[in-house]
Every structure is written in structure tokens, then in C-alpha cells.
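I set out to record, entry by entry, what I looked up in this structure. The notes follow the order in which I consulted it.

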Amino acid sequence: MQPISKSNKLLNVCYDIRGPVLEKAKQMEEEGHRIIKLNIGNPQPFGFNAPDEIIQDVIHNLPDASGYCDSKGLFAARKAVMHYTQQKRVTGVTIDDIYIGNGVSELIVMSMQALLNNGDEVLVPAPDYPLWTAAVSLAGGTARHYICDEGAGWLPDINDIRNKITPNTRAIVVINPNNPTGAVYPDEVLKEILELARQHQLIVYADEIYDKVLFDGLTHTSIASLAEDVLCITFGGLSKNYRACGYRAGWMVVSGEKKHARDYIEGLNMLASMRLCANVPAQYAIQTALGGYQSIDDLVAPTGRLCRQRDLAWKLLTDIPGVTCVKPQGALYLFPKLDPKLYPIADDQQFILELLLEEKVLLVQGSGFNWPTPDHFRVVFLPNTDDLQEAIGRIAHFLEHYRKRHAV
């Protein structure tokens with residue numbers, strides 16, 4: 001029998017958040033081991049449940065959710081998103097500019113498929129949420145990674161962005177608040193990015209899925225609110241702000257200068273129609289979520305569970321010799337750095353695998369987020385404080401032995 005190979009379009013596609021180390025962790029669980037998982041930002045397993053009013057509205061509307069809806073989504077859901085964009089000071093958005101999707105992930109892939117031809121380039125941050133790089137590659141494009149500067153609080157390096165723009169560049173991706181670093185971008189940086197987009201006629205893709213998961217009194221500015229003359233595609237959803245990952249309810253908003261993008265928008269409409277519609281039951285949660293009590297504010301307040309867990313995880317990690325970490329301002333993650341003199345790492349995936357095997361803690365290596373050097377890893381701070389202390393204690397134990405074996 002001839003072997004059946006995967007498509008060549010997948011050669012440059014990877015998603016190590018659910019990659020081979022996770023498969024090993026699953027095997028270990030089947031063998032009876034307890035694995036502490038700090039690899040995926042999935043709130044529900046850690047006791048962060050969707051608000052009851054959202055659950056009840058979905059249940060109440062289930063009898064009306066059996067059929068297909070409009071390919072762009074339910075009117076009430078899109079209307080709620082439109083009102084939310086107005087709250088975020090994004091102007092000129094109509095119902096027709098809003099697409100509901102099976103989570104933001106589906107919409108990211110759709111937006112790239114509608115845009116890119118072979119050889120086109122998209123500027124993507126490093127580190128990034130790896131789905132962006134994968135979606136660009138799958139659509140036939142090339143992701144060119146611009147550096148976010150750890151020394152500047154993980155803010156995008158504007159000069160690096162400028163230097164990586166070529167005649168083939170079609171767009172720039174902005175992840176704010178950022179996954180995996182937790183950085184929240186000030187208006188000045190967003191305006192500089194918009195000016196580059198303006199000068200080079202680039203589309204701005206704004207991944208703002210964590211726009212309510214903010215700490216230390218920070219506020220979030222939607223980049224689309226700062227320019228009416230630049231085409232912006234903004235993504236949001238219920239997964240993180242409302243702890244409803246499994247609902248797969250996200251949205252994509254087209255704003256700014258749209259006249260020159262009619263053909264691209266036609267492509268988005270075509271792809272939205274091809275998948276018929278997003279799942280209908282979860283769409284009934286959107287209006288309730290956006291218009292109801294924002295319980296996320298309690299969780300990120302100084303005395304809230306998420307804020308307390310962030311502070312604890314950050315302190316425990318930075319107390320380990322040779323570990324530094326920019327304190328995250330938003331999202332659900334820390335992205336600590338290992339001093340290469342104390343921790344000389346050639347293959348960070350192998351490093352994370354050794355940690356799993358020895359300490360039963362599951363993380364994701366920095367290269368899984370397209371970070372170019374093997375000296376970072378991502379930690380999810382969703383577990384309760386007892387589990388965080390145990391997990392980071394195990395990480396510290398592993399690193400202590402690693403230093404003794406490998407330090408330069």
C-alpha cells in the first residue's frame with residue numbers, strides 16, 4: 001500500500017500548544033499519573049465557569065436554535081457586537097460588517113484564506129499566538145515575524161516592523177492584550193503601527209480576545225478606534241472574558257476604509273456562506289454576555305482570583321535563580337525567560353518534555369509561539385493558588401537539577 005501523506009500545505013503549519021508533548025502527557029495520564037497542566041488557557045477545568053445568566057439564556061433559546069441562521073450570524077448577536085464596538089469608540093460599523101464564527105480561530109483562518117495568494121506576506125508578532133502563523137501558511141502566505149521587545153515590556157519593535165515590510169506585505173497582525181506575554185499596548189504604539197499600515201496600505205488584523213482581562217487598573221484601546229482611514233479587522237469572543245471556550249462563539253468586525261476592499265469583503269462573505277453558519281445555540285449567549293454584568297471585572301480586581309494568581313505565579317517564578325519575567329498586564333499567561341548561562345538549552349521542546357517526565361508538569365516551550373531562541377516558556381496561571389504553588393515548586397526543583405547538570 002502506498003503511504004497516504006498529508007497535504008504539502010501543512011508543511012509549515014504547527015500548533016505546539018496541542019502538540020507532541022501534550023500527546024505524551026495524555027499517555028502518562030492513561031498510565032495513572034496526575035499531570036498539572038499549565039499549557040492551555042482553558043478556564044473551565046480550573047473552576048472558572050461561564051456566568052449563570054449566559055447558560056440560562058442558551059438553554060431558554062435551544063428550541064429556536066435547530067435551524068441554520070444567516071451566514072453572518074443571528075441579528076441580535078451581531079447587534080450586540082455592534083453596540084460593543086460603539087462602546088470601544090470604533091466608528092462606522094454596521095450589522096453587515098460583523099461576522100459570527102465558531103470561535104475566533106475559525107474567523108482567523110477565514111480571514112487569511114480570503115486574502116492571501118502564494119507569496120503574499122503577513123507581519124506577525126514574535127512571540128505570537130501560533131494559530132496566526134499557521135493560518136497564514138495554510139492560506140499560501142508567509143508569516144514574517146516582527147520582534148516584540150522584552151526589554152521594553154514586550155511592546156512591538158516599530159523599527160523591526162518597518163524593516164520587514166516588503167512589496168509582498170499585505171497585512172500586520174496585532175495581538176493586544178498579548179498572548180503569550182500579557183503585554184497591553186499603549187495608544188502611542190498602536191498609532192505608530194497604524195501609521196505604517198497607512199503608509200504601506202496594509203490591513204490591520206487586531207486579535208483582542210482578552211480585551212477585558214486587564215490588571216492594575218489598565219484600560220484597553222481597540223486599535224480600530226484610532227483610525228478611520230485604515231482597514232481594520234477586529235476579533236473578539238466569549239472564550240476568555242466570559243469563560244466560555246467550549247461555546248465556540250466569536251466575532252470579526254470590519255471597520256475603517258472599506259471602499260477599496262469590496263472584493264476582499266466579497267471573499268469573506270463567500271467563505272462565511274460556505275460554512276453555512278456558526279453554531280446557533282452559542283450565539284444566543286452573545287447579547288446576554290455583552291449586555292449583562294461583567295463578572296470578569298471582579299476576577300481581575302486586586303483582590304480577585306485571577307489577579308491574586310497572577311501575582312503569586314509571577315513571584316514564585318521570579319524567585320527561581322536565573323528566571324526573569326515581565327509581569328503580565330493582561331491575559332492569562334506568563335512568559336518567563338531562562339538565563340542561558342544557567343540553563344543552556346539546545347531544544348526547548350525536549351526541555352519541556354524532560355520537565356513533564358520528571359515533574360509531571362505540562363508547559364509549552366517558547367518556540368511553540370515562534371520565539372526564535374530556546375530560552376522561554378509559557379505558564380498559564382489559571383490553577384488555584386495551592387496547585388500553582390505545587391506546580392511552580394516542581395518547576396523550581398527541575399530547574400535546580402538542570403542547573404547542576406548543565407550550567408556553563
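The entries below cover the sheet, the nonpolar cores, the salt bridges and one buried arginine.

**Entry 1: the model.** I noted at the outset that this is a predicted model.

**Entry 2: the sheet.** I traced the strand order and found eight strands in an open sheet, running β2-β9-β8-β7-β6-β3-β4-β5. The pairing in this sheet is mixed. I then looked for the edges, which are β2 (98–102) and β5 (155–156), each pairing on one side only. Within the sheet I examined one pair more fully: β3 (residues 121–126) and β4 (residues 142–149) run parallel and are joined by six bridges. At one position of this pair I found Val122 opposite Ala143 in β4. As background I recorded that strands of a sheet pair through backbone hydrogen bonds, either parallel or antiparallel.

**Entry 3: the nonpolar cores.** I asked which residues have the most contacts inside the largest nonpolar core. They are Trp132, Tyr205 and Leu306, in a core of 81 residues. Helix α13 (residues 385–406) gives the most to this core, contributing seven residues. Another core lies apart from it, with 61 residues that include Val90, Ala282, Ala285 and Val364. I kept in mind that nonpolar side chains tend to be buried together in soluble globular proteins.

I followed Leu306 further and listed its contacts, setting aside neighbours within four places in sequence. Leu306 touches Phe48, Phe215, Ile296, Leu299, Val300, Leu332, Phe381 and Leu382.

**Entry 4: salt bridges around Arg198.** I recorded a total of 20 salt bridges in the structure. I began with Arg198, whose side chain meets that of Glu195 at 2.6 Å, N to O. Both residues belong to helix α7 (residues 187–200), where they stand three residues apart, about one turn of the helix. Arg198 counts as partly exposed because its relative accessibility is 32%. Glu195 is likewise partly exposed, at 32% relative accessibility.

Arg198 also forms a salt bridge with Asp229, with 2.7 Å between the closest N and O atoms. Why does this pair tie together parts that are 31 residues apart in sequence? I found that Arg198 lies in helix α7, whereas Asp229 lies in the loop between β7 (203–207) and β8 (232–237). Asp229 is partly exposed, with a relative accessibility of 43%.

**Entry 5: further salt bridges.** I next looked up Arg310 and found its side chain in a salt bridge with that of Asp311 (2.9 Å, N to O). Is Arg310 buried or exposed? Its relative accessibility is 1%, so Arg310 counts as buried. Its partner Asp311, at 26%, counts as partly exposed. I also noted a network of salt bridges that links Arg34, Asp387, Glu390 and Arg394.

**Entry 6: Arg378.** I located Arg378 in strand β15 (residues 377–380). Arg378 is buried, yet I found no salt bridge for it. Which side chain of opposite charge is nearest to Arg378? That of Asp128 is, at a distance of 9.5 Å. I then checked for a polar partner and found the backbone oxygen of Asn39 at 2.6 Å from a polar atom of the Arg378 side chain.

How values were computed
Residues numbered from 1 in each chain as written. Predicted model: local features only at pLDDT ≥ 70, side-chain atom pairs only at ≥ 80, totals over all residues. Heavy atoms only, no water. Helix = DSSP H or I, 4+ residues; strand = E, 2+ residues; numbered from the N terminus. Buried < 20%, exposed > 50% of the residue type's maximum accessible area, 1.4 Å probe, protein only. Lys, Arg positive; Asp, Glu negative; His and termini not counted. Salt bridge = Lys/Arg side-chain N within 4 Å of Asp/Glu carboxyl O. Polar contact = N/O pair within 3.5 Å; in protein donor to acceptor, adjacent residues only side chain to side chain. Core = buried A, V, L, I, M, F, W, Y, C linked by side-chain atoms within 4.5 Å. Contact = heavy atoms within 4.5 Å. Pairing = 2+ DSSP bridges.
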